[in-house]
Every structure is written in structure tokens, then in C-alpha cells.
Amino acid sequence: MNQKKGVKFDEIFPPVVKMSSIQVILGLTTSLDLELEQLDVKIAFLHSDLEEEIYMNQSEGFEVQSKEHIVCRLKKSLYSLK
């Protein structure tokens with residue numbers, strides 16, 4: 001993992017399709033008289049086990065009083081973890 005605090009640390013790029021992209025694909029499909037198929041793909045990496053030791057601060061609003069200095073060790077990956 002090469003995510004470092006202060007270097008693109010707050011940038012998150014979730015894999016989400018914009019509605020305008022779907023509209024363009026559907027428009028091209030109909031105008032070119034093509035066939036369109038749908039495929040559902042399970043995103044296995046969302047909750048996969050981690051090989052590295054990764055720690056994070058307690059989330060804002062979920063801090064345990066008198067234990068604010070404690071960090072969380074992640075056992076599974078989080079959504080948009082780089």
C-alpha cells in the first residue's frame with residue numbers, strides 16, 4: 001500500500017458509473033441498432049482480507065470517550081481504500 005497522509009490522502013475515486021454515461025451507451029445502442037447485454041460483477045475486493053497491517057484513527061463521531069488515542073487495526077479492506 002502506498003497511501004500516505006498528506007499526499008493524495010483525501011482523494012477517493014469510487015468505481016461509480018454516471019447516469020450520463022449510461023444514457024450515451026443506450027443512445028448509441030438504439031441509434032446503431034445494436035444489442036445490449038447486462039452483466040453483474042461481484043466486487044470481491046470490497047471486503048477482502050488484508051495482507052498488510054493497516055491502522056486508522058477512530059471515525060469522527062464514533063470516538064470512545066477517554067480512549068481517543070486508540071486506533072483501529074483493519075482486518076478487512078474498506079470501500080475506496082487505496
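This passage describes the fold, the buried polar residues, the salt bridge and the unusual backbone angles of one chain.

The model examined here is a predicted one. Its secondary structure is quickly told: the chain contains 1 helix and 2 strands, and these follow one another in the order α-β-β along the sequence. Helix 1 covers residues 19-31, while strand 1 runs over 49-57 and strand 2 over 71-76. Of the 82 residues in the chain, 9% are buried. The accessible surface amounts to about 8000 Å², and carbon and sulfur atoms account for 57% of that area. Contacts across the sequence were also examined: when residues at least 6 apart are considered, 56% of their contacts join residues at least 24 apart.

Two polar residues with buried positions deserve a closer look, and Q58 is a good place to begin. Q58 lies in the loop that connects strand 1 with strand 2. Its relative accessibility is 13%, which is under the 20% limit, and Q58 therefore counts as buried. What does the side chain of Q58 reach? One partner is the backbone nitrogen of V64, at 2.8 Å. The other is the backbone oxygen of K67, at 2.6 Å. The side chain of Q58 is thus paired with backbone atoms of both V64 and K67. With residues up to four places away in sequence set aside, the contacts of Q58 are E63, V64, K67, E68, I70 and C72. Among these contacts, C72 belongs to the range of strand 2, 71-76.

The second case, T29, is found in helix 1. Here the relative accessibility is 12%, so T29 counts as buried as well. The side chain of T29 reaches back to the backbone oxygen of I25, at 2.7 Å. Once neighbours within four places in sequence are left out, T29 is in contact with L34, E35 and L36.

Attention now turns to charged side chains. In general, side chains of opposite charge can pair when their charged atoms come close. The structure holds 1 salt bridge, formed by the side chains of E53 and R73 with an N to O distance of 3.9 Å. This pair ties together distant parts of the chain, since E53 sits in strand 1 and R73 in strand 2, 20 residues apart. Is E53 buried or exposed? With a relative accessibility of 52%, E53 counts as exposed.

The backbone offers two further points of interest. Most residues other than glycine have a negative phi, which makes positive values worth listing. D33 has a phi near 55°, a positive value in a residue other than glycine. This residue is placed in the loop between helix 1 and strand 1, and D33 counts as exposed because its relative accessibility is 70%. S66 likewise has a positive phi, near 70°, and is not a glycine. Its place is in the loop between strand 1 and strand 2, the loop in which Q58 is also found. At 63% relative accessibility S66 counts as exposed, whereas Q58, at 13%, counts as buried.

Terms used:
Residues are numbered from 1 along each chain as its sequence is written. This is a predicted model: local features need pLDDT of at least 70, side-chain atom pairs count only at pLDDT 80 or more; totals for chains, interfaces and linings use all residues. Side-chain values use heavy atoms; hydrogens and water are left out. Helices (H or I, at least four residues) and strands (E, at least two) are DSSP runs, numbered from the N terminus. Buried means under 20% relative accessible area, exposed over 50%, partly exposed in between (1.4 Å probe, protein chains only). A polar contact is a pair of N or O atoms within 3.5 Å; within protein, one must be able to donate a hydrogen and the other to accept it, and residues adjacent in sequence count only if both atoms are side-chain atoms. Contact means heavy atoms within 4.5 Å. Accessible areas come from the Shrake-Rupley method with a 1.4 Å probe; for residues, only the protein chains shown count as cover. A salt bridge is a side-chain nitrogen of Lys or Arg within 4 Å of a carboxyl oxygen of Asp or Glu.
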